[in-house]
Amino acid sequence: MLKWIAVAAGVLLLAAGMVPLAIIWIESRQARQAGGMEPHVASAQPARRGAVVVYFSRSGNTALAARHIANRLDADLHALEVPEYALGLRGLAHSALDADARRNDPARLRGIRPRTLDLRPFDTVWLGSPVWFYSPAPPIWAFVEHNRFDGQRVVLFNTYNSNIGDDQIAAFKARVMARGAASFEHRALLRGRMTRQIGPDEMLRRIDADWLAGDAVRAPLTARTPAPAAP
Ligand SMILES: Cc1cc2nc3c(=O)[nH]c(=O)nc-3n(C[C@H](O)[C@H](O)[C@H](O)COP(=O)(O)O)c2cc1C
């Protein structure tokens with residue numbers, strides 16, 4: 001009997017150990033797939049600076065959404081980098097440990113790069129992030145703490161698998177408004193649980209239909225110069 005309990009415990013432990021490995025494998029595959037799609041194309045008219053898109057993304061899905069929005073709105077685009085949250089087991093552990101602890105304590109948010117941006121030329125600031133433990137991920141909270149949005153329209157956009165906390169979005173809105181914003185909107189893209197998620201093409205179709213319907217969307221990306229590769 002003891003032998004079978006030990007075998008069952010061993011099987012359970014093995015299965016538990018496989019979960020993070022499976023997540024890493026899926027995340028890496030998604031990052032490769034989304035990363036190869038739709039590069040950001042810089043505006044041919046730099047004077048037209050109505051919108052800027054600032055985002056954090058770990059496994060590439062929010063990044064793809066951000067590039068698509070920037071291309072459709074002819075907007076500037078900035079990625080927030082946080083090396084501690086890079087793809088892989090260590091980054092996944094940091095993400096999971098930080099997700100809950102840090103958002104309520106700005107002093108404990110990890111460093112983001114860039115920390116500040118000159119957002120003054122823009123009417124609208126789009127802020128993108130995955131959802132971690134029901135809340136926008138810590139880097140986008142950190143960006144709000146270090147920047148101001150005086151008189152601007154701020155649009156938070158999230159990609160997520162299954163659940164977002166309304167209380168977290170309300171708290172995020174309160175921080176954005178406290179940093180000077182004139183208005184706040186929220187867009188969210190439900191991708192579905194890990195084993196049956198929508199693909200990138202469907203993501204982009206839904207963004208066009210559901211997120212950008214009220215904005216002045218630019219024509220398809222022709223005759224524009226590719227942005228220089230990030231350093
Ligand atoms: C640490 C961690 C926590 C997560 N928590 C949630 C969650 O609470 N609700 C949810 O729907 N998705 C959750 N997700 C899934 C991500 O929000 C989703 O896969 C997102 O689209 C990833 O965006 P990215 O590829 O831009 O990083 C979590 C992912 C990670 C890594």
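**A predicted model, from one loop residue to the ligand shell**

Let me start with Glu38. It counts as partly exposed, because 17 C-beta neighbours sit inside 10 Å. The cut-offs: buried takes 20 or more other C-beta atoms within 10 Å of a residue's own, exposed takes 12 or fewer, partly exposed is in between, and C-beta atoms are placed from the backbone. Glu38 is in the loop between α1 and β1. Its phi is positive, about 45°, although Glu38 is not a glycine.

Ground rules next. Numbering runs from 1 along each chain as its sequence is written. The model is predicted: local features need pLDDT of at least 70, side-chain atom pairs count only at pLDDT 80 or more, and totals for chains, interfaces and linings use all residues. Helices (H or I, at least four residues) and strands (E, at least two) are DSSP runs, numbered from the N terminus.

On one side of that loop is helix α1, residues 2-35. It has 34 residues and reaches 50 Å from first C-alpha to last, close to the 50 Å expected at 1.5 Å a residue. Expected span here means 1.5 Å times one less than the number of residues. How many of the 34 residues of α1 are buried? The number is two, so α1 lies largely in the open.

On the other side of the loop is strand β1, residues 51-55. Here five of the five residues are buried, so β1 is largely enclosed by the rest of the structure. In a regular strand, side chains alternate between the two faces of the sheet. Both faces of β1 are covered. Ala51, Val53 and Tyr55 are buried on one side, Val52 and Val54 on the other.

What does β1 pair with? Pairing needs at least two DSSP bridges between two strands. β1 and β3 run parallel, joined by five bridges. In that pair, Tyr55 faces Gly128 of β3. β1 also pairs in the parallel sense with β2, residues 76-79, over four bridges. There, Val52 stands opposite Asp76, and Val54 has His78 as its bridge partner. From β1 the chain goes through α2 to β2, a right-handed β-α-β crossover. Right-handed means a clockwise path from the first strand over the helix to the second, with the strands pointing away from the viewer.

Take one residue from α2: Ala65. It is buried, because 29 other C-beta atoms lie within 10 Å. Ala65 and Arg175 are 110 residues apart along the chain, and their C-alpha atoms are separated by 23 Å.

Over to β3, which holds Val131. Val131 has 23 C-beta neighbours inside 10 Å, so it counts as buried. Its C-alpha is 9.2 Å from that of Gly165, 34 residues away in sequence. Phe133 is in the loop between β3 and β4, residues 135-136. Is Phe133 buried or partly exposed? Partly exposed, because its C-beta neighbours inside 10 Å come to 15. Phe133 also has a positive phi, near 50°, and is a residue other than glycine.

Two more backbone points. The loop between α3 and β3 contains Pro114. The peptide bond from Arg113 to Pro114 is cis, with omega near 0°. Then there is helix α5, residues 166-178. Its 13 residues reach 18 Å, first C-alpha to last, close to the 18 Å expected. After α5 comes Gly180, with a positive phi near 100°.

Now the ligand. Which residues come nearest? Of the 21 residues around the ligand, they are Ser57, Ser59, Asn61, Thr62 and Pro130. A residue is near a molecule or strand when its C-beta atom, placed from the backbone, lies within 6 Å of it. The elements giving two or more residues to this shell are α2 (61-73), α3 (89-102), β3 (124-132) and β5 (153-160). By type, the shell has nine nonpolar, ten polar and two charged residues. Nonpolar covers Ala, Val, Leu, Ile, Met, Phe, Trp, Tyr, Cys and Pro; charged covers Asp, Glu, Lys and Arg; the others, Gly among them, are polar.

Last, the record. UniProt, in an unreviewed entry, places the feature "domain: Flavodoxin-like" at residues 51-212. UniProt positions use the numbering used here, feature names are shortened, and annotations may be inferred rather than shown by experiment. Over residues 51-212 the chain is 38% helix and 22% strand, with the end C-alpha atoms 13 Å apart.
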